[in-house]
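Student: I should like to work through a protein structure step by step. May we begin once it is displayed?

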Amino acid sequence: AKKYELLLNDRESQGRNYNYHKIGPKEQGYEYTLTACQNILDDLGMDYLDLLLIHWPGAAPLKPDDPANSTIRLETWKAMIELQKSNKVRDIGVSNFMLLTYVMAGYAEHLFKHTGVLPTVNQIELHPFLVEKPTIDFCQKHSIVIQAYSPLARSDQRLMSSPILLEIAKNHHRTVPQIVLNWLMTQEFVVLPKSKNPDRIR
């Protein structure tokens, strides 16, 4: 996480936003990925991206357990490595690569076995109701930054009304969301909160 913070600080010092995008399931495959990245750069009018992620371990329209996913995923990763080498992408990573939640397991190891390159980032759903310790342990072992999306479990009322969290929040004069976000940040996860409310975004 410290490496990621340095990257963010570097971008802020240049007076611009940190730009990252994802290769969607329909864009996977070597040539498709190269084209998708170039289209993103053209649309933004930029020379390179700070971070590019594989959005999902599987490719569309394949089913999650289709063996062809492995080949397409690897070709996608090879294309991203090439984009990084050509300075069109600064860092490359993955999203939703979780060891227990989905049918496919061990895909990050598979990418590394065939390319020698591990993701810089793994963006996963992470909150008190969903903590995949094997995934977290793997990422931390290999210095892969964990980005936590949906950190408030999509405002699930079971979370917001949890007696334990309400008690902790009361004792610390904070709200439940503040307690949960702090819990994630103290573990050096990069937290990605989301809001449609302009006042909360500010």
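Student: In the loop between which helix and which strand is the place of Glu188?

Tutor: This is a predicted model, and the reasoning below rests on that model. Glu188 is not a glycine, yet its phi is positive, about 65°. With a relative accessible area of 43%, Glu188 is partly exposed, because that category lies between 20% and 50%. Its place is in the loop between helix H8 (176–185) and strand E6 (190–192).

Student: Where is Arg154 found, and is Arg154 buried or exposed?

Tutor: Arg154 also has a positive phi, of about 55°, although it is not a glycine. Arg154 is found in the loop between E5 and helix H6 (157–160). Its relative accessible area is 59%, and the cut-off is over 50%, so Arg154 is exposed.

Student: How many helices and how many strands does the secondary structure of the protein come to?

Tutor: The elements named so far, among them H8 and E6, border the loop that holds Glu188. They belong to a secondary structure that comes to nine helices and six strands.

Student: What percentage of the residues of the protein count as buried?

Tutor: A residue counts as buried when its relative accessible area is under 20%. The protein has 202 residues, and the share of them that count as buried is 40%.

Student: Among contacts between residues at least 6 apart in sequence, what percentage join residues at least 24 apart?

Tutor: The contacts considered here are those between residues at least 6 apart in sequence. Among these, the share that joins residues at least 24 apart is 71%.

Student: Which residues in H5 are buried, and what arc do they cover around the axis?

Tutor: In H5, the buried residues are Thr135, Ile136, Phe138 and Cys139. They lie on the same side of H5, because the arc they cover around the axis is only 165°.

Student: Which residues are exposed on the other side of H5?

Tutor: The buried residues of H5 are covered by elements that include helix H4 (107–115), strand E4 (121–125) and strand E5 (145–149). On the other side of H5, the exposed residues are Lys133 and Lys141.

Student: Which residue forms a salt bridge with Asp137, and how far apart are the closest N and O atoms?

Tutor: Asp137 lies in helix H5 (residues 133–141), and its partner lies in that helix as well, four residues apart, about one turn of the helix. An α-helix has 3.6 residues a turn, so residues three or four places apart point the same way. Asp137 is partly exposed at 34% relative accessible area, whereas its partner is exposed at 53%. The partner is Lys133, and the closest N and O atoms are 2.8 Å apart.

Student: Which residue forms a salt bridge with Glu75, and how far apart are the closest N and O atoms?

Tutor: Glu75 and its partner are three residues apart in helix H3 (residues 68–85), which means that about one helical turn separates them. Glu75 counts as partly exposed, with 29% relative accessibility, and the partner counts as partly exposed with 33%. The partner is Lys78, and the closest N and O atoms are 3.7 Å apart.

Student: Which residue forms a salt bridge with Arg158?

Tutor: Arg158 is exposed, its relative accessible area being 58%. Its partner is partly exposed, at 21%. In this salt bridge the closest N and O atoms are 2.8 Å apart, and the partner is Asp156.

Student: How many salt bridges does the structure hold?

Tutor: The pairs discussed include Asp137 with Lys133 and Arg158 with Asp156. The structure as a whole holds salt bridges to the number of four.

Student: How many disulfides does the count come to?

Tutor: Two cysteines may serve as examples of accessibility: Cys37 counts as buried at 0% relative accessibility, and Cys139 is buried at 2%. A disulfide requires a pair of cysteine sulfur atoms within 2.5 Å. By this rule, the number of disulfides is zero.

Student: Which peptide bond is cis?

Tutor: One of its residues, Pro61, is found in the loop between strand E2 (49–54) and H3. The bond has an omega near 5°, and it is the peptide bond from Ala60 to Pro61.

Notes
Residues are numbered from 1 along each chain as its sequence is written. This is a predicted model: local features need pLDDT of at least 70, side-chain atom pairs count only at pLDDT 80 or more; totals for chains, interfaces and linings use all residues. Side-chain values use heavy atoms; hydrogens and water are left out. A salt bridge is a side-chain nitrogen of Lys or Arg within 4 Å of a carboxyl oxygen of Asp or Glu. Helices (H or I, at least four residues) and strands (E, at least two) are DSSP runs, numbered from the N terminus. Buried means under 20% relative accessible area, exposed over 50%, partly exposed in between (1.4 Å probe, protein chains only). Contact means heavy atoms within 4.5 Å. The arc is that of the directions from the helix axis to the C-beta atoms.
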